[in-house]
Amino acid sequence: MPAYATPQSAGMDLRANLESPVVLQPMERRLIPTGLYIALPEGAEAQVRPRSGLALKHGITVLNSPGTIDADYRGEVGVLLINLSQEPFTVNDGERIAQMIIARHEQAEFCLVEELDETLRGAGGYGHTGVK
């Protein structure tokens, strides 16, 4: 079962559910099963995120971070890991491989308009607000 590491943790740890260890070679990606199936309430999503310790110590991260699990998904939760280091990394059964956060969300209703309202920022994109 997923579990929160501390009373104030936002994310719960997800563990690998493996019959045998999986070796991730440098730059290799692999879908790691968790053995977890969930049913979320309507209006909720689960986000799968990397574990900071695995990223810092071993260069292991979640490739599509954050991965979204929709409320109507009923399959097994898998974690798409990638090894960004230059060393092979072994994932063992029961190892904490990612964290999952449950969040509420809204669905937007879009309407077609001829122009948008003006703001101070306008169309300024990446780096537009500066570095200070």
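**Entry 1: a pair of charged side chains**

I began with glutamate 28 and arginine 30, whose side chains meet in a salt bridge with an N to O distance of 3.0 Å. I kept in mind that this is a predicted model, in which side-chain atom pairs count only at pLDDT 80 or more. I then looked up the accessibility of the two partners: glutamate 28 counts as partly exposed at 22% relative accessibility, and arginine 30, at 33%, also counts as partly exposed.

**Entry 2: the remaining salt bridges**

How many salt bridges does a search of the whole structure find? I noted 3, and turned next to those that involve aspartate 13. Aspartate 13 forms a salt bridge with arginine 51, in which the closest N and O atoms are 3.7 Å apart. I placed aspartate 13 in strand 2 and arginine 51 in the loop between strand 5 and helix 1 (52-58), so this pair ties together parts that are 38 residues apart in sequence.

Aspartate 13 also forms a salt bridge with arginine 96, and here the closest N and O atoms are 3.2 Å apart. This pair links distant parts of the chain, with aspartate 13 in strand 2 and arginine 96 in strand 10, 83 residues apart. I therefore recorded Asp13, Arg51 and Arg96 as linked in a network of salt bridges, in keeping with the general point that side chains of opposite charge can pair when their charged atoms come close.

Which members of the network are buried, and which are partly exposed? I found aspartate 13 buried, with a relative accessible area of 12%, and arginine 51 buried as well, with 18%. Arginine 96 has 31% relative accessibility and so counts as partly exposed.

**Entry 3: the sheet**

I next traced the strands to which some of these residues belong. An open sheet is formed by 5 strands in the order 1-2-10-5-7, and the pairing is antiparallel. Strand 1 (3-4) and strand 7 stand at the edges, and because each has a single partner strand, one side of each is left without a neighbour in the sheet.

Working inward, I looked at strand 2 (residues 12-15), which pairs with strand 10 in the antiparallel sense over 4 bridges. Aspartate 13, already noted for its salt bridges with arginine 51 and arginine 96, stands opposite glutamine 99 in strand 10.

I then followed strand 10 to strand 5, and found that the two run antiparallel and are joined by 6 bridges. In this pairing, glutamate 45 stands opposite alanine 103 in strand 10. Strand 5 also pairs with strand 7 (residues 67-70), again in the antiparallel sense and over 4 bridges, and there valine 48 stands opposite glycine 67 in strand 7.

Is strand 5 largely enclosed or left open by the rest of the structure? I recorded that 5 of the 6 residues of strand 5 (residues 44-49) are buried, so this strand is largely enclosed by the rest of the structure.

**Entry 4: a charged patch**

Finally I looked for charge on the surface, and noted a negative patch formed by Glu114, Glu115, Asp117 and Glu118. I checked one of these residues further: glutamate 115 lies in the segment after strand 10 (96-104). With a relative accessible area of 67%, glutamate 115 is exposed, because the cut-off for that class is over 50%. I set this beside aspartate 13, which is buried, and closed the notebook there.

How values were computed:
Residues are numbered from 1 along each chain as its sequence is written. This is a predicted model: local features need pLDDT of at least 70, side-chain atom pairs count only at pLDDT 80 or more; totals for chains, interfaces and linings use all residues. Side-chain values use heavy atoms; hydrogens and water are left out. Patches are made of residues with over 30% relative accessible area and no salt bridge: like charges are joined within 9 Å, nonpolar side chains (Val, Leu, Ile, Met, Phe, Trp, Tyr) within 5 Å. Accessible areas come from the Shrake-Rupley method with a 1.4 Å probe; for residues, only the protein chains shown count as cover. A salt bridge is a side-chain nitrogen of Lys or Arg within 4 Å of a carboxyl oxygen of Asp or Glu. Lys and Arg count as positive and Asp and Glu as negative; His and the chain ends are not counted. The place of a charge is taken as NZ of Lys, CZ of Arg, CG of Asp or CD of Glu. Buried means under 20% relative accessible area, exposed over 50%, partly exposed in between (1.4 Å probe, protein chains only). Two strands pair if DSSP finds at least two bridges between them.
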